[in-house]
Amino acid sequence: MASDDIFTSMEYINEDSIDSNLICSICQKPFKEPVCTSCDHTYCKQCITRWLTSNKTKSCPTCMKQPLSTKELVQASRPLRNMIDQLRVRCVLCEQADLQRGNFLDHIDKICPKTTTGCQAADIKCPWKGTREELPAHLPTCIFEPLRPILGYLIAENNQLKKKIEQQANEIKKLRGETPEKIGTAAAAAVAVDDDSDAESIISSTSEMCTDDTNQKEENAIFVRNLPANVKFNDVFDFFSKIGRIKYDPKTQKASLFIFKNPNNANGPCAAKVTYVDKESASAAIGEYDQKHIPQWNTKLLVCISTRKKAHFKDAGKEHNEAKGTHEEPLTEQDKTPRTKRPHHSKQSHKPTN
Ligand SMILES: [Zn+2]
Ligand SMILES: [Zn+2]
Ligand SMILES: [Zn+2]
Ligand SMILES: [Zn+2]
């Protein structure tokens, strides 16, 4: 049972008399999974996480300390957790009262006669579901348990095959960046079957995968427009570092920050792509700077989540889509290789003609 469901199955006894130090100020209930902020305030983990991800201002709701990230949350102290575990609760399913909250999970998992449970043959696909007290009546009639030896074998074999397919799909994905020739041979080698038609269908689906990922959102990267034409790399870096840590790009051995000059006008506003180490920083940067006037550049910035668009070599300049913050990645030598489909070998070449 998921930890959230546990709390819907129990009621506190004398909830009004519970020490106010054990009550979460967001949900007004005793702490569920208590965590502490860096400013020493305690909340349920779910409550403060939801608060920080749904509010634009990432601050502690009690003291307004800014900025606060979910990464700074630490588990509350053991004495506090012990006090919460000792709270008295009642099971709403079976009505048993005077349980300790710390033992409630055990009650649901092992004892409660009204908890929904599955058959012991659920691992070999018996679909039976019922309460724990109904289970003894099902067991003698279960048609799955007697078939355990054969079903167990078939299911294990099936899982092995699924794993193999997954590994091969990942291998094909890895090869996507390489030349079309290499993709063709790798896909053909991956299937390792004699039937030409299978090999061909894998090769063509690999080519589709190559074009599939246009306009992919990069949630830890932002696209910034309306920067002045002469903006400096270091200034952009310092400015956006105030919000969060910018990712290091091992390829360029610099921060992952690209400035895009205006393709139509060298003196026109330019754009930049900044990649943070986490998506929280990217959304914080949008909250902080989108549509805001920035005195040091005397401009109103437009900031949005970056959308990666696969570079089409021909129209690199024209396809710059300002409205959506879509942009071209700077081309690397490898990207410049035109992606042409390698002509498939015709079947005649493998088989003697009559
Ligand atoms: Zn709460
Ligand atoms: Zn605080
Ligand atoms: Zn119960
Ligand atoms: Zn069964």
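1. Is C112 buried or exposed? C112 is buried, with 0% relative accessible area. Keep in mind throughout that this is a predicted model. While we are on cysteines: the disulfide count comes to zero.

2. On to the metals, starting with the zinc ion (ligand 1). Its donors are the SG atoms of C24, C27, C44 and C47, at 2.3 Å. The angles that these four donor atoms subtend run from 105 to 117°, so the arrangement is tetrahedral. For anyone who likes to see the pattern along the chain, the spacing is C-x2-C-x16-C-x2-C. Two of these donors have accessibility values worth quoting: C44 is buried at 0% relative accessible area, and C47 is buried at 9%.

3. The zinc ion (ligand 2) has a histidine among its donors: H41 binds through ND1, and C39, C60 and C63 through SG, with distances of 2.2 to 2.3 Å. This site is tetrahedral too, with angles of 100 to 115° among the four donor atoms. The donor residues are spaced C-x1-H-x18-C-x2-C in sequence. H41 sits in the loop between β2 (34-36) and β3 (42-44), while C63 sits in the loop between α2 (45-54) and β4 (74-75), so the pair ties together parts 22 residues apart in sequence.

4. How accessible are those two donors of ligand 2? H41 counts as partly exposed, because its relative accessibility is 23%. C63 falls in the partly exposed class as well, at 34%.

5. A word on annotation. UniProt lists residues 24-63 as "domain: RING-type", and the entry is unreviewed. In the model, that span is 25% helix and 15% strand, and its end C-alpha atoms lie 14 Å apart.

6. Now have a look at strand β5 (residues 88-91). V89 and C91 make up its covered face, and R88 and R90 the uncovered one. Strand β1 (residues 10-12) runs antiparallel to β5 and is joined to it by three bridges; here E11 stands opposite R90. Strand β6 (residues 99-100) is also antiparallel to β5, with two bridges between them, and in this pairing V89 stands opposite L99.

7. How many aromatic pairs does a search of the whole structure find? The search gives five. One of them is F223 with F260: the ring centres are 5.9 Å apart and the planes meet at 45°, so the pair is tilted. F223 belongs to strand β9 (residues 216-227) and F260 to strand β12 (residues 257-260), so this contact links distant parts of the chain, 37 residues apart. Both rings belong to buried residues, F223 with a relative accessible area of 0% and F260 with 13%.

8. Another tilted case is F239 with Y289, whose ring centres lie 4.4 Å apart with the planes at 35°. F239 is in helix α9 (residues 233-241) and Y289 in helix α10 (residues 279-289), so the pair ties together parts that are 50 residues apart in sequence. F239 and Y289 are both buried. They also belong to one aromatic cluster, together with F240 and W297.

Technical notes:
Residues are numbered from 1 along each chain as its sequence is written. Chains are lettered from A and ligands numbered from 1 in the order in which they are written. This is a predicted model: local features need pLDDT of at least 70, side-chain atom pairs count only at pLDDT 80 or more; totals for chains, interfaces and linings use all residues. Side-chain values use heavy atoms; hydrogens and water are left out. Donors are N, O and S atoms within 2.8 Å of the metal (3.2 Å for Na, K and Ca); water is not among the atoms, so sites may look incomplete. Four donors count as tetrahedral if all angles lie between 85 and 135 degrees; four count as square planar and six as octahedral if opposite donors are over 155 degrees apart and all others between 65 and 115; anything else is irregular. Helices (H or I, at least four residues) and strands (E, at least two) are DSSP runs, numbered from the N terminus. Buried means under 20% relative accessible area, exposed over 50%, partly exposed in between (1.4 Å probe, protein chains only). A disulfide is a pair of cysteine sulfur atoms within 2.5 Å. UniProt positions are given in the numbering used here, feature names are shortened, and annotations may be inferred rather than shown by experiment. Two strands pair if DSSP finds at least two bridges between them. Rings of Phe, Tyr and Trp (its six-membered ring) pair if their centres lie within 6.5 Å; planes under 30 degrees apart count as stacked, over 60 as edge-to-face and the rest as tilted.
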